[in-house]
Amino acid sequence: MIPLTRLDGSVFHVNPAFIVTIEQAADTVVHLSSGTSIMVSERAVAVVELVADWQRRIRRSGEE
């Protein structure tokens, strides 16, 4: 799970495996495979980095 921040400042956690696309406009919109779209305060590049870090952690845990 990765932490993201809604525009109202509340933090939630999402499973990156369910992220389909991340759209950067005035705000960042994360689109999930369920059809839900969530606007977050993080920039798209920051969300991508969080997902990449999560993937690295998952791979490392499988190697142990």
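1. Two strands count as paired here if DSSP finds at least two bridges between them. Strand S1 (residues 2–5) and strand S2 (residues 11–14) meet that test, pairing in the antiparallel sense over 4 bridges. Ile 2 of this pair stands opposite Val 14 in S2. The model is a predicted one, and the points below should be read with that in mind.

2. Overall layout. The protein has 1 helix and 5 strands. Along the sequence the pattern reads β-β-β-β-β-α, so the helix comes after the strands. The C-alpha trace spans about 40 × 20 × 20 Å along its principal axes. Of the 64 residues, 30% are buried. Among contacts with a separation of 6 or more, 33% join residues 24 or more positions apart.

3. The hairpin of S1 and S2. There are 5 residues between the two strands. Within this hairpin, Gly 9 takes a positive phi near 95°. Arg 6 and Phe 12 also deserve a look. The charged end of Arg 6 sits over the ring of Phe 12, at 4.4 Å from the ring centre. As for ring-to-ring pairing, the structure holds 0 aromatic pairs.

4. The sheet. Three strands make an open sheet in the order S3-S4-S5, with antiparallel pairing. Strand S3 (19–24) and strand S5 (37–40) are the edge strands; each has a single partner, so one side of each is left without a neighbour in the sheet. From one strand to the next, the twist averages 20°.

5. The pairing of S4 and S5. Strand S4 (residues 28–32) pairs with S5 in the antiparallel sense over 4 bridges. Two partnerships can be picked out by residue. Val 30 has Ile 38 in S5 as its bridge partner. Val 29 stands opposite Met 39 in S5.

6. The two faces of S5. Which residues of S5 lie on the covered face, and which on the uncovered one? Ile 38 and Val 40 belong to the covered face, while Ser 37 and Met 39 belong to the uncovered face. In a regular strand, side chains alternate between the two faces of the sheet. The partnerships in point 5 involve both faces of S5: Ile 38 is on the covered one and is the bridge partner of Val 30, whereas Met 39 is on the uncovered one and has Val 29 opposite.

7. The loop between S4 and S5. This hairpin has 4 residues between its strands, and Gly 35 takes a positive phi near 100°. Thr 36 is found in the same loop, between S4 and S5. Thr 36 is partly exposed, with a relative accessible area of 37%. Leaving aside neighbours within four places in sequence, Thr 36 is in contact with Val 30 and His 31. Thr 36 and Val 48 are 12 residues apart in sequence, and their C-alpha atoms are 18 Å apart in space.

8. Helix on sheet. Strand S4 and S5 pair over 4 bridges, and the helix involves this part of the fold too. H1 packs on the sheet and touches S3, S4 and S5. The direction of H1 makes about 155° with that of S3.

9. Salt bridges. How many salt bridges does a search of the whole structure find? The count is 2. Arg 56 takes part in one with Glu 49, where the closest N and O atoms are 2.9 Å apart. Arg 56 also forms one with Asp 53, where the closest N and O atoms are 2.2 Å apart. Glu 49, Asp 53 and Arg 56 are thus linked in a network.

10. Setting of that network. Why are Arg 56 and Asp 53 separated by about one helical turn? Because they are 3 residues apart in helix H1 (residues 44–63). The three residues of the network are partly exposed, by the following values. Arg 56 has a relative accessible area of 37%. Glu 49 has 41%. Asp 53 has 28%. Buried would require under 20% and exposed over 50%, so each of these residues falls in the partly exposed class.

Note on methods:
Residues numbered from 1 in each chain as written. Predicted model: local features only at pLDDT ≥ 70, side-chain atom pairs only at ≥ 80, totals over all residues. Heavy atoms only, no water. Phe/Tyr/Trp six-rings, centres within 6.5 Å; stacked < 30°, edge-to-face > 60°. Lys NZ or Arg CZ within 6 Å of the ring centre and 35° of its normal. Salt bridge = Lys/Arg side-chain N within 4 Å of Asp/Glu carboxyl O. Buried < 20%, exposed > 50% of the residue type's maximum accessible area, 1.4 Å probe, protein only. Axes fitted to C-alpha atoms, helices over the stretch in contact; angles between N-to-C directions. Contact = heavy atoms within 4.5 Å.
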